[in-house]
2 protein chains.
Amino acid sequence: MKQVYNNPPRSEWDEICRRPQEDPEAMRESVAEIFAQVSRDGDAAVRRLTEQYDNVSLGNYRVDLSPLSLDVDKKLQEAIRQAIVNITKFHQAHIPSGREIETMPGVRCRTKYMPIQSVGLYVPGGSASLFSTVMMLVIPAQLAGCRQITLCTPPSADGVDPLVAWTARELGLEEIYAIGGAQAIAAMALGTETVARADKIYGPGNQYVTQAKLYAQRYGTAIDMPAGPSEVLVVADASSRPDWVAADLLSQAEHGADSQVMLISSDMSLIASVQSQIEVQLADLPRAEIARAALSHARYIYMSDHEERLALVNTYAPEHLIIATSDAEVMAERVTQAGSIFVGSLCCESLGDYASGTNHSLPTAGWARSYAGVNVNSFRRAMTMQTITEEGMRELGPVVETLARAEGLEAHARAVSIRLSNLES
Amino acid sequence: MKQVYNNPPRSEWDEICRRPQEDPEAMRESVAEIFAQVSRDGDAAVRRLTEQYDNVSLGNYRVDLSPLSLDVDKKLQEAIRQAIVNITKFHQAHIPSGREIETMPGVRCRTKYMPIQSVGLYVPGGSASLFSTVMMLVIPAQLAGCRQITLCTPPSADGVDPLVAWTARELGLEEIYAIGGAQAIAAMALGTETVARADKIYGPGNQYVTQAKLYAQRYGTAIDMPAGPSEVLVVADASSRPDWVAADLLSQAEHGADSQVMLISSDMSLIASVQSQIEVQLADLPRAEIARAALSHARYIYMSDHEERLALVNTYAPEHLIIATSDAEVMAERVTQAGSIFVGSLCCESLGDYASGTNHSLPTAGWARSYAGVNVNSFRRAMTMQTITEEGMRELGPVVETLARAEGLEAHARAVSIRLSNLES
C-alpha cells in the first residue's frame, strides 16, 4: 500500500496536516499590477486584461440576463430549483435578529443587524461549470438583504457559461459580469464605470483570485475568507464500505490536482480495500487524470486509538469531514474544528456540495480553526446603539468618570461631567 | 471659522470622507523582519526585540498575576466591577445558539457554534493605561468559551501596567505577557516556547501592530479587523448644546494626533459656538497638545438638507456616531453604516468606551461598511453538520446526481449513485 502512515506519533502530525504552500510573492506582484491598471484605467483596463488573460474580446462585459436565450434541460431546471429551495430553507433559519438589553436602569444597549450594502460574488470557471456556486453565494446575499449584488464569472467566447447565467436569472439577478480572475476582484474592489464597488468580496477561485482578494483589503474591501485548494477528510472503520469511501475520496480528488484527500481509519485492511476500490473506480472516471494527480499526495492514516483519531481530526481542521464509522453521531459531537461535517456512512460530501441546504463555500487550509463557511451572517454586520436617560446618567456617569480618569483620559471624563453638572443644576 | 464646509456637493464627499493613508511599505518590511526573527528564534527573538524597541530587559515576560501586589483605589475597583457587570450583561445576550433544519424529509442540516480555541488579545500601552480594553476583549472571549486566552501588553520597566494586570486578574486570567508591538503579534501568530499560538488575534494598536496583524494572516492566523485611528462623527442641530458637543469632539481628539473628528450640523451658528467652546475647554485639558493636533484636521460641515446629512453620515461610516439632534431616535433608525451609535444629546461616546455594556473595539476607516465591532461572535465560528436517512437519500440523491453531472463532476455524482444502487438492491 502507498502513502500509508501507521499510528503516526504526534511529532509527525505537523507534517501530516501541512497544506501545500507556494511562495505567492511573484503572484502578488502581478496582482498589484492588475490593481494598478484597473485603478488607473477602469473598464478599459478590464477589457485589456480580459483579452490578455482570457483571450476573449468583449465590447461590453455586462451581461443582461433577461434577453438571453438559454436552453436548459427540464430535469436540470427542476434539480436546480430543488437545491434553491433547500439552500434557502437552511440559510433563512440563520438570519440574526437584534437584541436590546437594559444593562442598568435607564441604560439601553442594542444590537442591530444590517445587510452589507454592496457585495461582490466571484464564480470561477475553468474546467467545470460551477453554477452551484451561484446558488451558494447569491441566496445568502439575498436573504441578508444586500442591495447591490455584483456577480463576476470568467467570459467564454460568446459571453458567459449558460448554466451560470440561467441560475443567476432564476434567482432574480438582472445582470452578471463576464470578468474572470484577479481583474474581476480588482474591478469589484475598486469599482469601474460599469462595475459597482463592493464592500465585501466572496467566492472561491484559483491562487491569483485568492491573492487578489487578500490584496483588495488594502483598498478597504473585506473578504469572506482566504481560500486554498479544496479538502476532504474521511474517518472510517471496519464497518465502513470501502467502495463508498473510495467514491468520496475520488469526488474530492477530481476537483483539481491540488485537492487534499485524507483517510483516517481504525482498520488497516479497510485502507487496503479502499485503495483497490479507488483503482477500480478510476478506470472509467472522466476526470481520472486530475484525480490521479490529487491522489498522488493523498494520505492514508491507520490510527488504532480512538482519542488520537479524534485529536488528529481536530488538529487537521478539515474543510469537509465525512464520518463513516459505526459511532459517527457520537464522534461528530466531539469534533471541534471542521468546516462542514457529513455524519454517517450514507451522508456523502456531494450532498452538501449541491443541495442538502448547507453552504459549500467553506474554510480550507486549517482556517476552520477561526472561520465559518459562508452563511447569511457573512452578508450582515452588527451595529450597536445606545440611549441613556437622566436616571441612567446619574448612575453610570460617575462610573465612567472614574474609569476615564484612571486611564488618564480627562476629556473622556469631562464629556460626562459637563452633562452631570447640567443635570444637577 | 476654520475647516468649515458649507453644504459640500457630493463631488466633495470622497475628499471629506477620506481617512489618513500612509504608504505602509516600509513598515511592512520591518514587520516581515520581526516575524522572521520570532519564527527562527522564538522567545530569544522576543526578548531581543523587546530590548530593542521597548528598552526593557525581562528575563521572563510571562507575568503570573496571582502573586502580584497591586494597589488599586477602592472606588476604581468598584467602577471596574460595574463596567464588567454591564459589558457581561450585554455581551452574553448575543451568544449564538445552533439550529437544526430538516430541509427535506430525512435531510437534517445543522449549525453548531464553537468557540475559537486559542485567541490572542493585544492591549496597547503608550500614553494611557488601557485597562478598559482588557475588559472589552477578555469578557467576550470568556463568554464564547475560548480555551486559551493569551493577553499581551507592552512591558514597563518593572513588568506591566498595574491596572491592566489588576483588571485581567479580576476577570480570572492567571497570567499575561509583557510583550508589545509587532513582536507581540508575531509571538501570538507563530507561537513560541512561552506564548501559545493563537488562531485569531484581536485588539487595537499603532500602525506597526495593524500591519503585523495583517501580516499574521499569511501564517493562517485570523484577525478581528484591520484597525486605523479612532473616529467620532457628531450630528447636531440648533437644539444641541455646543458645550456638550465640544466635549464630545475633544474626548475623541485627545486619543491621538491622528484621531478623526467630524461635526455635521444643520445650524451654522452651532458650529461657531462649538468651535469657541472647544477653545474654552482646551484651556485646562491635560492632553490639550494632542487634542489640538487632532483638531487641526477636524471637519465641520454645515448641511442644510436632512436627507443629505443622513447620506453623508452613511457614506462616512463612522466608528462612533453621536446623534445629538432633537430627532435623534428617528435619524438613528435610518443610519445604515456605523460602528456604534450614541442616540440623543445625553448619550456621550465615553459611556460606550467604558461601561454602558457595548464594545469599544469598533471598525474604523470606513470598515463599518463590512465589519461589526468585537462581540461574542467574533470569538466563535459556526460549523455545519448534516445527516441523511435512506428516505432522504432516495429523494435528494437523484437531484444531486443531476446537478453534479451538469457541472461535469462525475465522481461527485457517483458518490451518490453507488449509495443509491446499494439501497435499491
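Chain A of the predicted model contains 16 helices and 15 strands. The C-alpha trace of this chain extends over about 90 × 60 × 45 Å along its principal axes. Of its 425 residues, 64% count as buried. Among the contacts in chain A with a sequence separation of 6 or more, 73% are made by residues 24 or more positions apart.

The domain assignment divides chain A into domain 1 (4-20 + 229-357), domain 2 (24-227) and domain 3 (389-424). The centres of domain 1 and domain 2 of chain A, taken over C-alpha atoms, lie 30 Å apart. To the contact between these two domains, domain 1 of chain A contributes seven residues and domain 2 of chain A contributes ten residues.

The relation between the two chains was examined by superposition. Chain B is placed on chain A by a rotation of 180° with a shift of 0.0 Å along the axis, and the RMSD is 0.0 Å. The two copies are therefore related as by a two-fold rotation axis. Within chain B, the C-alpha nearest the axis belongs to Pro96(B), at 4.5 Å from it. Because 100% of the interface residues of chain B are also interface residues in chain A, the copies meet through the same surface.

Strands from both chains take part in an open sheet of nine strands with mixed pairing. The strand order is β1(A)-β12(A)-β11(A)-β10(A)-β13(A)-β14(A)-β15(B)-β4(B)-β3(B). At the edges stand β1 (4-6) of chain A and β3 (99-104) of chain B; each has a single partner strand, so one side of each is left without a neighbour in the sheet. On average, neighbouring strands of this sheet are turned by 20° against each other, direction ignored.

Within the chain A part of the sheet, β11 (residues 260-265) and β12 (residues 299-302) of chain A pair in the parallel sense over four bridges. Leu263(A) has Tyr300(A) in β12(A) as its bridge partner. Helix α9 (residues 242-253) of chain A packs on the sheet, where it touches β10 (231-236), β11, β12 and β13 (320-323) of chain A. The direction of this helix makes about 170° with that of β10(A).

In the chain B part of the sheet, strand β15 (residues 380-388) of chain B includes Thr384(B). With a relative accessible area of 13%, Thr384(B) is buried. Leaving aside residues up to four places away in sequence, Thr384(B) touches residues of both chains. The contacts in chain A are Phe90(A), Gly339(A), Ser340(A), Ile341(A) and Thr358(A), and those in chain B are Arg110(B) and Thr111(B).

Cysteine pairing was also assessed. A search of the whole structure finds zero disulfides over all chains. Cys109(A) is in no disulfide, and the nearest cysteine sulfur, that of Cys347(B), is 7.9 Å away. The relative accessibility of Cys109(A) is 0%, so this residue counts as buried. For Cys146(A), the closest cysteine sulfur is in Cys152(A), and the separation of 15 Å is too far for a bond. Cys146(A) is likewise buried, as its relative accessible area is 9%.

Notes. Residues numbered from 1 in each chain as written. Chains lettered and ligands numbered in written order. Predicted model: local features only at pLDDT ≥ 70, side-chain atom pairs only at ≥ 80, totals over all residues. Heavy atoms only, no water. Disulfide = S-S within 2.5 Å. Buried < 20%, exposed > 50% of the residue type's maximum accessible area, 1.4 Å probe, protein only. Pairing = 2+ DSSP bridges. Helix = DSSP H or I, 4+ residues; strand = E, 2+ residues; numbered from the N terminus. Axes fitted to C-alpha atoms, helices over the stretch in contact; angles between N-to-C directions. Contact = heavy atoms within 4.5 Å. Least-squares fit on C-alpha atoms with pLDDT ≥ 70 in both. Domains from an automatic or database assignment.
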